[in-house]
Amino acid sequence: MWIRFAPWIVAIVAALAYVNTLGNQYAYDDVSIVKEGSRISQPGKWLEIWTTDYWYDVKETAPNRDLLYRPLTLTSIRLVHSLAGESPFPQRIVNVVF
């Protein structure tokens with residue numbers, strides 16, 4: 001009978017593993033992409049999320065950057081930022097829940 005609840009148990013344990021990160025500030029690539037990135041914070045940049053690479057905002061300082069393409073990740077970050085502001089807490093909640 002408990003096997004029916006196994007997926008929920010796994011999901012709850014996985015979420016609990018990240019609960020201690022909710023109060024953290026931005027770190028690593030969060031600073032340059034989320035906090036300082038023009039595609040996240042400036043209005044009218046939705047199309048650039050889908051037409052540029054992940055590290056586009058640091059192209060001047062890192063010309064040999066990885067040309068990763070992560071439009072869904074950036075769209076999610078931009079949407080949370082648009083709805084909840086620049087605090088890292090809402091971003092963390094969305095990451096833990098989804």
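Val 58 is placed in the loop between helix 4 and helix 5 of this predicted model. With a relative accessibility of 17%, Val 58 counts as buried, because the limit for that class is under 20%. Leaving aside residues up to four places away in sequence, Val 58 touches Ser 32 and Arg 65. Helix 6 offers a point of reference for the position of this valine: the C-alpha atoms of Val 58 and Val 94 are separated by 25 Å, and the two residues stand 36 apart along the chain.

The loop that holds Val 58 also contains Asp 57, the partner of Arg 39 in a salt bridge. The closest N and O atoms of Arg 39 and Asp 57 are 3.5 Å apart. Arg 39 belongs to helix 3, which covers residues 38-41, so this pair links distant parts of the chain, 18 residues apart. The two partners are not equally accessible: Arg 39 is buried, with a relative accessible area of 1%, whereas Asp 57 has 28% and counts as partly exposed.

How many salt bridges does a search of the whole structure find? The search finds 3. In general terms, side chains of opposite charge can pair when their charged atoms come close. Besides the pair of Arg 39 and Asp 57, there is a salt bridge between Arg 92 and Asp 30, with 3.6 Å between the closest N and O atoms. Arg 92 lies in helix 6 (residues 88-97) and Asp 30 in helix 2 (residues 29-35), so this salt bridge ties together parts that are 62 residues apart in sequence. Both Arg 92 and Asp 30 are buried. Lys 45 and Glu 48 also form a salt bridge, and their closest N and O atoms are 3.6 Å apart. Lys 45 is buried at a relative accessible area of 18%, while Glu 48, at 24%, is partly exposed.

Aromatic rings provide another kind of contact. The count of aromatic pairs comes to 1. This pair consists of Tyr 54 and Trp 55, whose rings lie 5.6 Å apart from centre to centre, with 90° between the planes, an edge-to-face arrangement. Tyr 54 is buried, with a relative accessible area of 7%, and Trp 55 is partly exposed, with 21%. The ring of Tyr 54 has a charged neighbour as well: the charged end of Arg 70 sits over this ring, 4.9 Å from its centre. In a similar way, the charged end of Lys 59 sits over the ring of Tyr 56, at 3.9 Å from the ring centre.

Tyr 54 also leads to the nonpolar interior. The largest nonpolar core has 8 residues in all: Tyr 26, Ile 33, Val 34, Ile 40, Ile 49, Tyr 54, Leu 74 and Ile 77. Helix 2 and helix 5 are the elements that give two or more residues to this core. One of the core residues, Ile 49, touches Arg 39, Pro 71, Leu 74, Thr 75 and Arg 78, with residues up to four places away in sequence not counted. Arg 39, already met as a partner in a salt bridge, is thus among the contacts of Ile 49.

The path now turns to helix 6. At its start, a side-chain oxygen of Ser 87 reaches to within 3.3 Å of the backbone nitrogen of Phe 89. Which residues of helix 6 are buried? They are Pro 88, Pro 90, Gln 91 and Arg 92. Helix 2 and helix 5 are included in what covers these buried residues.

Gln 91 shows some of the surroundings of helix 6 in detail. Gln 91 is buried, with a relative accessible area of 5%. Beyond residues up to four places away in sequence, Gln 91 touches Tyr 26, Ile 77, Val 80 and His 81. Tyr 26 and Ile 77 are both members of the largest nonpolar core. His 81 is found in helix 5 and counts as buried at 15% relative accessibility. With residues up to four places away in sequence again left out, His 81 touches Ile 40, Ser 41, Glu 86 and Gln 91. The C-alpha atoms of His 81 and Val 19 are separated by 20 Å, the two residues being 62 apart along the chain.

Key:
Residues numbered from 1 in each chain as written. Predicted model: local features only at pLDDT ≥ 70, side-chain atom pairs only at ≥ 80, totals over all residues. Heavy atoms only, no water. Salt bridge = Lys/Arg side-chain N within 4 Å of Asp/Glu carboxyl O. Helix = DSSP H or I, 4+ residues; strand = E, 2+ residues; numbered from the N terminus. Buried < 20%, exposed > 50% of the residue type's maximum accessible area, 1.4 Å probe, protein only. Phe/Tyr/Trp six-rings, centres within 6.5 Å; stacked < 30°, edge-to-face > 60°. Lys NZ or Arg CZ within 6 Å of the ring centre and 35° of its normal. Contact = heavy atoms within 4.5 Å. Polar contact = N/O pair within 3.5 Å; in protein donor to acceptor, adjacent residues only side chain to side chain. Core = buried A, V, L, I, M, F, W, Y, C linked by side-chain atoms within 4.5 Å.
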